[in-house]
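Please read the following explanation with the sequence and the coordinates side by side, going from one strand to the next and then outward to the helices.

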Amino acid sequence: MAKKKIGIGFGTWAWGNKLVWGYKAETDDILLKKTFFDAIDGGLDLVDSADSYGTGTLFGQSEKLIGNFLEELPQRKLKKITIATKLAPFPWRIGRNGLNKAFQESNERLKGKMTRVQLHWSTYRYAPWQEEQLINGLGDLYEEGLIKEIGLSNTGPKRLNFLFQKLKKRGIKINSIQMQLSLLTKPSLEDEKIKNICDENEIEYLAYSPLGLGILTVPPNRFPKPKTFLRQQLFRRILPKTVELRTLITNIGKKYSASQAQVALNWVRSNGAKPIVGIRNSFQAKEAISALNWSLTQSEKESLDFYRNKCLANMPQNPFTSP
């Protein structure tokens with residue numbers, strides 16, 4: 001099967017409620033820094049964040065931490081990775097210059113080491129004019145030499161093609177698109193269309209939530225109770241209907257002495273996408289790195305596809321995803 005590398009997501013999920021509910025900065029930052037360097041040393045080559053990761057007084061906290069870590073990263077290693085962040089198209093960020101201030105602030109937090117800027121979600125369903133203006137604004141920043149690469153997120157095939165062609169007329173390339181993709185996302189024709197557009201135009205396909213918020217890592221005979229109410233509801237709805245799928249994941253993993261997480265990540269890679277996995281500690285970083293050491297066979301992929309299609313419970317779709 002085709003091999004795609006893996007990216008790491010340092011978002012609100014990467015350190016959970018530690019930031020919101022009494023997190024101990026000195027201790028946790030040391031652990032996160034070790035996790036970050038372990039991931040980079042192991043060959044993970046994309047670091048993904050967003051200006052909206054961390055709310056209130058912690059707004060942009062993810063980018064701040066990454067920026068601090070990057071200052072300690074040797075130049076030879078920095079050259080091998082992509083530093084990407086997503087800018088949120090909040091309703092007050094309007095007009096062609098609507099993201100300029102947000103870009104400047106993110107760039108400062110990331111110590112000027114940002115490689116790629118991505119529009120966090122599509123506004124097509126509620127303010128289609130805003131999306132077009134903002135992408136033109138990112139194009140302006142690119143032409144001014146302030147942005148190296150441009151990416152999209154949560155954008156369906158019609159809008160992806162429209163925005164791609166719009167920037168192409170200016171000689172500007174869209175480098176990547178982020179979509180939710182895992183064995184728990186519902187198969188769709190739209191997703192296949194996105195993959196085709198990416199293949200035809202050399203757009204990197206990035207998959208967020210590749211582990212289904214951790215559900216795909218739960219052994220088939222276990223039914224844990226998460227701490228948060230929303231995850232409790234999600235686990236209660238999905239776990240009982242995914243026993244067969246998770247059993248197959250476990251059995252494939254045994255063949256490679258690999259975890260369920262590694263199997264789920266390699267299924268994403270087998271679909272020509274790069275999974276972005278949120279990591280909290282060095283163990284999880286090493287799990288992601290280990291997934292790079294082997295790949296699914298075509299037969300194993302087809303078996304996983306079959307049980308994915310058969311699955312009666314799926315992850316909820318992002319409400320901002322455009323057509």
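A convenient place to enter this predicted model is Val47, which stands opposite Ile83 in strand E3. That pair belongs to the contact between E2 and E3, two strands that pair in the parallel sense over five bridges. On its other side, E2 pairs with strand E1 (residues 7-9), again in the parallel sense, here over three bridges, and Leu46 in E2 is the bridge partner of Gly7.

Strand E2 itself repays a closer look. In a regular strand the side chains alternate between the two faces of the sheet. In E2, Leu46, Asp48 and Ala50 point one way, whereas Val47 and Ser49 point the other way, and all of them are buried. Because five of the five residues of E2 (residues 46-50) are buried, this strand is largely enclosed by the rest of the structure.

These pairings are part of a closed arrangement, in which eight strands form a barrel in the order E1-E2-E3-E4-E5-E6-E7-E8, with parallel pairing. Within this sheet, neighbouring strands are turned against each other by 25° on average, direction ignored. Further round the barrel, strand E4 (residues 116-119) and strand E5 (residues 149-153) pair in the parallel sense over four bridges, and Gln118 has Gly151 in E5 as its bridge partner. Helix H5 (residues 128-143) packs on the sheet at this place, touching both E4 and E5, and its direction makes about 160° with that of E5.

Helix H4 (residues 100-109) can be read by its two sides. Its buried residues are Ala102, Phe103, Ser106 and Arg109. Seen down the axis of H4, these buried residues fall within an arc of 130°, so they line one face of the helix. The face turned away from this buried side carries the exposed residues Lys101 and Glu108. What covers the buried residues of H4 includes helix H2 (61-71), strand E3 (82-87), E4 and H5, so a reader who has followed the strands will meet E3 and E4 here again. After H4 comes Lys111, whose phi is positive, near 60°.

Continuing along the barrel, E5 and E6 pair in the parallel sense over four bridges, and Leu152 has Ile177 in E6 as its bridge partner. Between these two strands the chain crosses from E5 through helix H6 (residues 157-168) to E6, in a β-α-β crossover that is right-handed. Strand E6 (residues 174-180) is largely enclosed by the rest of the structure, because seven of its seven residues are buried. E6 also pairs with strand E7 (residues 204-208) in the parallel sense, over five bridges, and Ser176 has Glu204 in E7 as its bridge partner. The chain passes from E6 through helix H7 (residues 189-201) to E7, and this β-α-β crossover is right-handed as well.

Ile177 leads on from the strands to the nonpolar interior. The largest nonpolar core has 82 residues, and those with the most contacts inside it are Phe36, Ile177 and Leu304. Helix H10 (residues 260-270) gives the most to this core, with six residues. Leaving aside its neighbours within four places in sequence, Leu304 is in contact with Leu183, Leu245, Leu248, Ile249, Ile252, Val263, Trp267 and Leu296.

How values were computed. Residues are numbered from 1 along each chain as its sequence is written. This is a predicted model: local features need pLDDT of at least 70, side-chain atom pairs count only at pLDDT 80 or more; totals for chains, interfaces and linings use all residues. Side-chain values use heavy atoms; hydrogens and water are left out. Two strands pair if DSSP finds at least two bridges between them. Axes are lines fitted to C-alpha atoms, for helices over the stretch in contact, and angles run from 0 to 180 degrees between N-to-C directions. Contact means heavy atoms within 4.5 Å. Buried means under 20% relative accessible area, exposed over 50%, partly exposed in between (1.4 Å probe, protein chains only). The arc is that of the directions from the helix axis to the C-beta atoms. A crossover is right-handed if, with the strands pointing away from the viewer, the path from the first strand over the helix to the second runs clockwise. A nonpolar core is a set of buried Ala, Val, Leu, Ile, Met, Phe, Trp, Tyr and Cys residues joined through side-chain atoms within 4.5 Å.
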